[in-house]
Amino acid sequence: GDGVNDEMLVRSNFIRDMKLDIYDRWGELVFNTTDQRTAWNGQYENTGEELHSDTYAYCLVVTCTNDLSYTMLGNITLVR
């Protein structure tokens with residue numbers, strides 16, 4: 001809420017297709033998008049319900065303009 005790192009956004013000129021899924025510690029999907037213009041702002045499915053400070057897992061699958069596909073798994077810490 002301070003205007004610094006308030007959203008997680010995937011951007012690249014080389015991504016043709018993408019899918020970003022974010023899960024809570026119990027494996028519940030709390031956010032997903034296939035649009036590079038849609039950012040995660042720490043809310044449950046962008047409903048306005050703010051999620052608690054915690055560590056969330058993400059899975060990012062991209063297909064680049066050269067038809068190579070990549071999968072990234074990791075975590076992101078939400079601090080309020």
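**Exercise 1. The hairpin.** State how many residues lie between E1 and E2 in their hairpin, and which turn residue has a positive phi.

Solution. In this predicted model, strands E1 and E2 form a hairpin with 5 residues between them. The turn contains Gly 27, whose phi is positive, at about 85°. Next, take the pairing itself: E1 covers residues 15–23 and runs antiparallel to E2, and 4 bridges join the two strands. Two of the residue pairs can then be named. Tyr 23 has Leu 29 in E2 as its bridge partner, and Ile 22 is bridged to Phe 31 of E2.

**Exercise 2. The sheet.** Give the strand order of the sheet and say whether the pairing is parallel or antiparallel.

Solution. The sheet is open, has 4 strands and follows the order E2-E1-E3-E4, with antiparallel pairing. Its edge strands are E2 (29–33) and E4 (69–78), each of which pairs on one side only. On average, neighbouring strands of the sheet are turned by 15° against each other, direction ignored. Now consider E1 and E3: these strands run antiparallel and are joined by 8 bridges. One named pair is Ile 15 with its bridge partner Cys 64 in E3.

**Exercise 3. Cys 59.** Locate Cys 59 in the strands, and list the residues it touches beyond four places in sequence.

Solution. Cys 59 belongs to strand E3, which spans residues 54–64. With residues up to four places away in sequence set aside, Cys 59 touches Lys 19, Leu 20 and Asp 21, and also Thr 71, Met 72 and Leu 73. The residues Lys 19, Leu 20 and Asp 21 fall in E1, residues 15–23. Thr 71, Met 72 and Leu 73 fall in E4, residues 69–78. This agrees with the strand order, in which E3 stands between E1 and E4. For the turn residue Gly 27, 32 residues from Cys 59 along the chain, the C-alpha separation from Cys 59 is 12 Å.

**Exercise 4. Gln 36.** Find which backbone atoms the side chain of Gln 36 reaches.

Solution. Gln 36 sits in the loop between E2 and E3. Its side chain reaches the backbone nitrogen of Ser 12 at 2.9 Å. The side chain of Gln 36 also reaches the backbone oxygen of Ile 15, at 3.3 Å. Apart from neighbours within four places in sequence, the contacts of Gln 36 are Leu 9, Val 10, Arg 11, Ser 12, Ile 15 and Met 18. Ile 15 therefore has two roles to note: it is contacted by Gln 36, and it is bridged to Cys 64.

**Exercise 5. The largest pocket.** Describe the volume and lining of the largest pocket.

Solution. The volume of the largest pocket is about 320 Å³. Its lining consists of 17 residues, and Asn 5, Asp 6, Glu 7, Leu 78 and Val 79 lie nearest the centre. By class, the lining has 6 nonpolar, 6 polar and 5 charged residues.

Notes:
Residues are numbered from 1 along each chain as its sequence is written. This is a predicted model: local features need pLDDT of at least 70, side-chain atom pairs count only at pLDDT 80 or more; totals for chains, interfaces and linings use all residues. Side-chain values use heavy atoms; hydrogens and water are left out. Two strands pair if DSSP finds at least two bridges between them. Axes are lines fitted to C-alpha atoms, for helices over the stretch in contact, and angles run from 0 to 180 degrees between N-to-C directions. Contact means heavy atoms within 4.5 Å. On a 1 Å grid over the protein atoms alone, a cavity is a set of points where a 1.4 Å probe fits but cannot get out, and a pocket is an open set with protein on both sides within 12 Å along at least five of seven lines; lining residues have an atom within 4 Å of a point. Grid points are joined across faces, edges and corners, and a volume is the space filled by probe spheres set on the points. Ala, Val, Leu, Ile, Met, Phe, Trp, Tyr, Cys and Pro count as nonpolar, Asp, Glu, Lys and Arg as charged, and the others, Gly among them, as polar. A polar contact is a pair of N or O atoms within 3.5 Å; within protein, one must be able to donate a hydrogen and the other to accept it, and residues adjacent in sequence count only if both atoms are side-chain atoms.
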